[in-house]
Amino acid sequence: MNVITLFFILFSFHSIAQRQKIDPISFGRVKLAEDRQMIDLRSFKIKAEGKFEVKGQIIKDTLQWIRLDKSLLVPRALVEVSFKSDELNHFSWQYADQKIIPLYDKNNETYEAQIFVSLFESLPMELFENEKVVNRIRITPDSNEGSQLVDFSCAPYGVQIKGIKNDFVSVGCRIQRTGDFGDEKPYLEVLLTSASYRLKDNSPPPYLIIFHKSGESKITLRDDEGHEEVVTVTATIPKKLPRFKLAAGFGPYTLETKDHSGNRKYEIAPTGMLYGNFYLNESSSLRFFDSFSRNEATFHNWGLYFAWDLAEFCDQRCLLTSLIGLQGVDYRYSPRHTTQAEVILPQGFEFIYKHAFGKPNYRLSYGMFASLSGLYDYQNIWLRYGKGYFWELNYIEWQRHRQKASMIGLSIGFPIANFF
């Protein structure tokens, strides 16, 4: 039954992971992120010019958040546009390289269309009459409104922007590896878009800034009225991107043990932990752990497993990972007893909440291993929180026949080395 449940979880979440479209994460009046300024559709206005008297309005409660290239977070909303014409010419709207054909109401001789418009990209809507542009519409924020949104994807690299105070600016990041194995360097792509400003050559956003080393980039942007602003983007990136990371942890644990005769004892045992992670690619890695507790009794538990990311959800801040591999147990009730060692095959998973509680680079993770065999009882449950240094609450229990060992305690962990 446990095996069936495990496979059900694996395949059901794997189907979610295959989805390419990112669902909207919010509707209506939306907060950009933790401790960020609220935005309201009423703070955006419609500017129209051209041959026809085009009526436009942003439809209430249609605000959605989407991601461009899975990196740049931008809001969009439905804009309704209409105009009267008794001419039988062909009309079409163009927005972001997409042609939209409006509906025609014969009774009112009115052309109508509803179009999703990005509020942070300064892209015009153009009305074509046959092959000629006859009207242009822009959605711009009120001159007193503005916010700079640096996405959590940029948090590991300390990305900051300066400039353009009264406008909405969004920044997203993605990282790549370059170079030979063992000497790979970071290649950080920073995407930037503005609600009102574009480059001087009028090329459409988003704009891409490449950081192959720590530094800054300056961009001169111009709005549709000719006002110019200089935006400065800075980032700090490491000289190398290691694939193998080691961490350690220490803490006092309560150790409960039982021998073949049913004798039971409780003691406080100093416990040391060792963690290793070798990244194979963006979604899989080889991991190991080693836990050693010793007082009068000794309880040693180690594991080696393949970690595979099954699904990423909650706007890429929640991650579910499967843990498949093997473990070993070394147990001795007292120095007068012999050590029993065996290899077991519990399987597990880990759930990670990235940038937990709105704190950049902090992680909250819950994980567990459970026995899939009737020959022994085993479970390993942990709750971990931190950034670099971390706290871990851990419970491990192993039982075979009448022998038993279980431990629970709180430890502090910290990185110790990076390789390759």
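Which residues are linked with R287 in a network of salt bridges? Keep that in mind as you go through these close-ups of a predicted model.

**View 1. A network of salt bridges joins four residues.** Here is the reply to the opening question: R287 is linked with E350, R384 and E392. Zoom in on one pair in that group, E350 and R384, which form a salt bridge with their closest N and O atoms 3.6 Å apart. E350 sits in strand β27 (residues 347–354) and R384 in strand β29 (residues 377–387), so this pair ties together parts that are 34 residues apart in sequence. Is E350 buried or exposed? It counts as buried, because its relative accessibility is 4%, and the cut-off for buried is under 20%.

**View 2. E342 and R400 form a salt bridge.** The closest N and O atoms of E342 and R400 are 3.0 Å apart. This pair links distant parts of the chain: E342 belongs to strand β26 (residues 340–344), while R400 belongs to strand β30 (residues 389–400), and the two residues are 58 residues apart. As for their surroundings, E342 is buried, and R400 is buried too.

**View 3. R177 and E184 make another salt bridge.** Look for the closest N and O atoms of R177 and E184, which lie 3.4 Å apart. How do the two ends fare for accessibility? R177 has 34% relative accessibility, so it counts as partly exposed. E184, at 7% relative accessibility, counts as buried. If you're wondering about the wider count, a search of the whole structure finds 20 salt bridges.

**View 4. Five strands line up in an open sheet.** Now for some backbone. Reading across the sheet, the order is β3-β12-β11-β7-β8, and the pairing is antiparallel. Which strands stand at the edges? They are β3 (44–50) and β8 (98–100); each has a single partner strand, so one side of each is left without a neighbour in the sheet. On average, and with direction ignored, neighbouring strands of this sheet are turned by 25° against each other. In general, strands of a sheet pair through backbone hydrogen bonds, in either a parallel or an antiparallel way.

**View 5. Strand β7 meets strand β8.** This close-up stays with the β8 edge of the sheet. Strand β7 (residues 91–95) pairs with β8 in the antiparallel sense, and three bridges make up the pairing. To pick out one spot, find Y95: its bridge partner in β8 is Q98.

Conventions: Residues numbered from 1 in each chain as written. Predicted model: local features only at pLDDT ≥ 70, side-chain atom pairs only at ≥ 80, totals over all residues. Heavy atoms only, no water. Salt bridge = Lys/Arg side-chain N within 4 Å of Asp/Glu carboxyl O. Buried < 20%, exposed > 50% of the residue type's maximum accessible area, 1.4 Å probe, protein only. Helix = DSSP H or I, 4+ residues; strand = E, 2+ residues; numbered from the N terminus. Pairing = 2+ DSSP bridges. Axes fitted to C-alpha atoms, helices over the stretch in contact; angles between N-to-C directions.
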